[in-house]
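The exercises below are meant to be worked through with the coordinates open beside the text. Each one sets a task and is followed by a solution in steps.

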Amino acid sequence: MSESGSRDNHARQTDRGASISVAMQDYLKAIYRLQQGDGRATTLNLANELGLSGPSATNMIKRLAEISLVEHNRYHGVRLSSSGEKIALEVIRHHRLLELYLAEAMGFEWDQVHEEAERLEHHVSTEFEARMDELLGHPKFDPHGDPIPSRLGDVPSTTWVWLSELPVGSRAVLRRVSDRDSQQLRYLAEIGLVPGVVLEVSQSAPEGDGDARNLLIAGHRHAIPMELATSMQVEPLV
Ligand SMILES: [Zn+2]
């Protein structure tokens, strides 16, 4: 393969030919994530999200605005343009397909795949992506229950609710957990709290900790810290 051919797989380009570095891709992804959360990305929460300083985030946002991948104004913060969103969704698609591929085809544990996918997501070609997708049977969700955007950028929609908001006495299927904390993922796997499992929210014990969600999973009782419950989504059973 020619040198320029192999380079194609690494540096993405905008429609106007500006190249998009790995750092830029990570920013676009982080902006997408923040927009999904409370609908707003600011320089400050972007810097926090990426563990970087305010000034470096300011500089990067300026560069991204220059090549029309984001729009930035003082009042509304940073928003992805449609071409910025397209790139963010492509990288996210790579990430989630890679996580599933690593878990299903290569036997990685679900607490190991995020780190690997963070690195690889920037370097797989369109062909590689298509083959993973084919091999996995065109999956809609990754091992943590995160929806996998389609090649056209459509994100599977869900009607899931936060575990923290599920009323006492309800039953639900666990659908989605955060992929960020590998120690937490190992703990969840240990107690069988993985996507697809049926759980029931039970009454707190009399001396119970008000800051925990009491769950019944396959006949066993577990107290899940409220903070953890706010990062998990379930599908209520009626
Ligand atoms: Zn991940």
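Phe141 is partly exposed, with a relative accessible area of 29%. This value, like the others below, comes from a predicted model.

**Exercise 1. Determine how the ring of Phe141 is arranged relative to that of Trp160, and state which parts of the chain the pair ties together.**

Solution. Begin with the accessibility of the partner: Trp160 has a relative accessibility of 17%, and because the limit for a buried residue is under 20%, Trp160 counts as buried, whereas Phe141, at 29%, is partly exposed. Next, count the aromatic pairs, which gives 1 for the model. The ring centres of Phe141 and Trp160 lie 5.3 Å apart and the planes meet at 35°, so the pair is classed as tilted. Finally, place the two residues: both Phe141 and Trp160 lie in the loop between helix H7 (126-135) and strand S5 (161-162), so the pair ties together parts that are 19 residues apart in sequence.

**Exercise 2. Identify the donors of the zinc ion, assign the geometry of the site, and locate His114 and Asp179.**

Solution. The donor atoms are NE2 of His95, OE of Glu99, ND1 of His114 and OD of Asp179, which coordinate the zinc ion at 1.9 to 2.2 Å. The angles among these 4 donor atoms run from 92 to 135°, and the site is tetrahedral, since four donors are given that label if all angles lie between 85 and 135 degrees. Along the chain, the donors follow the spacing H-x3-E-x14-H-x64-D. His114 belongs to helix H6 (residues 113-120), while Asp179 sits in the loop between strand S6 (171-176) and helix H8 (182-190), so this pair ties together parts that are 65 residues apart in sequence. Both His114 and Asp179 are buried.

**Exercise 3. Describe the surroundings of His94, starting from its place in the chain.**

Solution. His94 lies in helix H5, which spans residues 82-104, and with a relative accessible area of 1% it is buried. Leaving aside residues up to four places away in sequence, His94 touches Arg12, Glu121, Val124 and Glu129. With Glu129 there is also a polar contact of 2.8 Å between the side chains.

**Exercise 4. Work out which elements build the largest nonpolar core, and name the residues that touch the most other members.**

Solution. This core has 24 residues, of which Leu28, Ile31, Leu46, Leu64, Val70 and Leu80 touch the most other members. Two or more residues each come from helix H2 (22-37), helix H3 (43-50), helix H4 (54-66), strand S4 (77-80) and H5, and H2 supplies the largest share, namely 7 residues. To follow one member in detail, take Leu64, which touches Met24, Tyr27, Leu28, Leu69 and Val70 when residues up to four places away in sequence are not counted. A second, separate core of 20 residues includes Leu166, Val177, Leu185 and Val201.

**Exercise 5. Examine the backbone angle phi at His138 and at Ala218, and report where each residue lies.**

Solution. At His138 phi is near 50°, a positive value in a residue other than glycine. His138 is placed in the loop between H7 and S5 and is partly exposed, with a relative accessible area of 45%. At Ala218 phi is near 45°, again a positive value in a residue other than glycine. Ala218 lies in the loop between strand S8 (212-217) and strand S9 (220-225), and because its relative accessibility of 69% is over 50%, Ala218 counts as exposed.

Key: Residues numbered from 1 in each chain as written. Predicted model: local features only at pLDDT ≥ 70, side-chain atom pairs only at ≥ 80, totals over all residues. Heavy atoms only, no water. Donors = N, O, S within 2.8 Å, 3.2 Å for Na, K, Ca; no water. Tetrahedral: all angles 85-135°; square planar, octahedral: opposite > 155°, others 65-115°. Helix = DSSP H or I, 4+ residues; strand = E, 2+ residues; numbered from the N terminus. Buried < 20%, exposed > 50% of the residue type's maximum accessible area, 1.4 Å probe, protein only. Phe/Tyr/Trp six-rings, centres within 6.5 Å; stacked < 30°, edge-to-face > 60°. Polar contact = N/O pair within 3.5 Å; in protein donor to acceptor, adjacent residues only side chain to side chain. Contact = heavy atoms within 4.5 Å. Core = buried A, V, L, I, M, F, W, Y, C linked by side-chain atoms within 4.5 Å.
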